Structure formats: C-alpha cells, structure tokens
Amino acid sequence: MITNGSNFASKADSLRSSGLNRVTFSLDSLKPGTFRSITGSDKLSGVLDSIEAARSAGYPDIKVNAVIVRGQNDDEVVDLARFARRNSLTVRFIEFMPLDRGHIWDRKHLVPATEIRETINSAFPIVLINPSRKGETAWRYRFVDGTVGEIGLIASVTDAFCGDCSRIRLTADGQIRTCLFSTQEYDVRELLRSGGSRSEVTELIRFAVARKEYGHKIGSSTFKNPSRPMSSIGG
Ligand code: SF4
C-alpha cells in the first residue's frame, strides 16, 4: 500500500493482521512549514505517528518516498537519510517529474539522483546493493557503517527505466493508464457499468497494453504534460 499516511496509524494493526506486509509513506519534508507548503495540510505529526505505528505493528517492509525539489526540500536530503537510519527503514529519493498539480515543473527544479547520492554519501557513506535495476525502479544502497536502513534513488528523469517498465495503472475512478504520462485513458468503469462481459474487459485491457508508451519523453519537444497530477493517478 502506498499512502499519504495521514490516517494510517488507526488502521496499522488491522491491516497488518489482514495480511498487509508492505507500506510506503509519502513524506517529502520533516519540517512542518515545508510539509504544509508541499501538501497543503498540517498532518506531518499524523504521518510520523503512522510510520511509528507501522514499525510497532511489525510491518516487514516500510518505505518512505520523498520527491526532492530544488529550492523546496533539497536542504533535507541528509535529514531524510538520517530518518532512514533512526527508524531502520528505507527512504527512497525520487527525482521531481512533471506530474505536479500546479504544473510548476521546470528542469531547474530537478535535483539529479547523482547529486542526492553524493550529498548522502558525504554525510553517511553508502554502497550500492543492486548492481542491476532490472524490474525495479530504484537503485538501492546500504549504509557502509552497518546501520540498519536503506536508501533508494529513483532517477526517473536523468536515468529513466522506461525500457523495462511493465506497469499499467487502474485509477480510483476506473481508468486504465498505461504510463504515468499517458495522455489517453481506457474507461473500464464505463464498460463494467454498461454490463460489459469478462471477455470484453479482457479485450479492453489487451487493447490498452498493446498501446503502452515506450517512455515518458520528458525533455523532448513532443512531451505533453498529462492532465492528471500524480495524486490522482496513484503511485
Ligand atoms: S513508461 Fe511511463 S510509467 Fe513506465 S517508467 Fe516510463 S514514465 Fe514511468
């Protein structure tokens, strides 16, 4: 499950006993003011409580996703790495992509994963765990001093992994998206509500998958911003 974590604490135990093993929290800042300006809410303490609740409930795989934006939270890279060490969990640093609600993305806001890695490495030396990224989105690092916790670097712009991408997404309102940057969606909800059969749904999924994009084209002249921001696509 990927969650903003604002209300996860109250559900941590019941979800765990229902079989949930992996939970990923979106947490772009540990500073209340920056958190508020990024999310538009004052729920930082709720998110931190939720992460603590996940640890107490014994989730074997807890991650934090942080999108780093130049001038916004790039001063918190070391603090977030320290958070991974203190809480024995994985913090994944994600390059800023043009999927923001306000459409403010510009290359000047991008903090390359290589820069993030060097910033962390100079405070807490890290070493690569996975020599190949096949099937994964993140380059994974452990701490050289043996502290439990992990760093992930998701270089979605400067070192894109589209060539290995096998993902499609189903949005909460029933649309298949074959890429985060799709400009076209396939309406499963409408098909189901109009009485579509299982084979018709299968056919629609096959049709969509056959048209999956080769990549995101960020930086090319043909790139188009998708109309939906990340928060309405889902993860
Ligand atoms: S193809 Fe689209 S969804 Fe897949 S990794 Fe590239 S940008 Fe992301």
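Which residues are around the ligand? Hold that one for a moment while we set up the viewer.

You are looking at a predicted model, in which local features need pLDDT of at least 70, side-chain atom pairs count only at pLDDT 80 or more, and totals for chains, interfaces and linings use all residues. Residue numbers run from 1 along each chain as its sequence is written.

**Stop 1: the ligand**

Select A160, F161, C162, C165, R167, C179, L180, F181, E213, G215 and H216: these are the residues around the ligand. To be near it, a residue needs its C-beta atom, placed from the backbone, within 6 Å of the molecule. Colour them by class and you get 7 nonpolar, 2 polar and 2 charged residues. The scheme takes Ala, Val, Leu, Ile, Met, Phe, Trp, Tyr, Cys and Pro as nonpolar, Asp, Glu, Lys and Arg as charged, and the others, Gly among them, as polar.

**Stop 2: the three-stranded sheet**

Next, pick β8, β9 and β10. Helices (H or I, at least four residues) and strands (E, at least two) are DSSP runs, numbered from the N terminus. These strands make an open sheet in the order β8-β9-β10, with antiparallel pairing. β8 (169-170) and β10 (186-187) each have a single partner strand, so one side of each is left without a neighbour in the sheet. Pairing here takes at least two DSSP bridges between two strands; β8 and β9 (residues 175-177) are joined by 2 bridges in the antiparallel sense. Show R169 as sticks and you will find R177 of β9 opposite.

**Stop 3: the seven-stranded sheet**

Now go to the other open sheet, where 7 strands run in the order β1-β2-β3-β4-β7-β6-β5 with mixed pairing. Its edge strands are β1 (2-3) and β5 (126-128), each pairing on one side only.

Follow the strands across from β2. β2 and β3 are parallel partners over 5 bridges, and T24 stands opposite K63 in β3. β3 then pairs with β4, again in the parallel sense, over 6 bridges. Select N65 there, and its bridge partner in β4 is R92.

Is β4 mostly covered or mostly open? Covered: 5 of the 6 residues in this strand (residues 90-95) are buried. The label depends on how many other C-beta atoms, placed from the backbone, lie within 10 Å of a residue's own: 20 or more is buried, 12 or fewer is exposed, and in between is partly exposed.

**Stop 4: helix α3**

Select residues 44-56. This is α3, 13 residues that reach 18 Å from first C-alpha to last, close to the 18 Å expected at 1.5 Å a residue; the expected span is 1.5 Å times one less than the number of residues.

Highlight L44, V47, S50, I51 and A54, which are buried. Look down the axis of α3: these buried residues fall within an arc of 120°, so they line one face of the helix. The arc is taken over the directions from the helix axis to the C-beta atoms. As background, an α-helix has 3.6 residues a turn, so residues three or four places apart point the same way. Spin the view to the face turned away from the buried side, and you meet the exposed residues S45 and S56.

What do the buried residues of α3 pack against? Their partners are α1 (12-17), β2 (22-26), α2 (32-39), β3 (61-68) and α4 (77-87), with contact meaning C-beta atoms, placed from the backbone, within 7 Å. Just past the helix, G58 has a positive phi of about 80°.

**Stop 5: helix α4 and S88**

In α4, select V77, L80, A81 and A84, the buried residues. They span an arc of only 105° around the axis, which puts them on the same side of α4. Their packing partners are β3, β4, α5 (113-123) and β7.

Right after α4 comes S88, with a positive phi near 55°. S88 sits in the loop between α4 and β4, and is exposed because 12 other C-beta atoms lie within 10 Å. Most residues other than glycine have a negative phi.

**Stop 6: two more loops**

Jump to K217, in the loop between α7 (198-210) and α8 (230-233). K217 is not a glycine, yet has a positive phi of about 65°. With 15 C-beta neighbours inside 10 Å, K217 counts as partly exposed.

Finish at V148, in the loop between β6 (139-143) and β7 (150-154). V148 counts as exposed because 11 C-beta neighbours lie inside 10 Å. Draw a C-alpha to C-alpha distance from V148 to A113: 22 Å in space, and 35 residues apart in sequence.

Technical notes: Contact = placed C-beta atoms within 7 Å.
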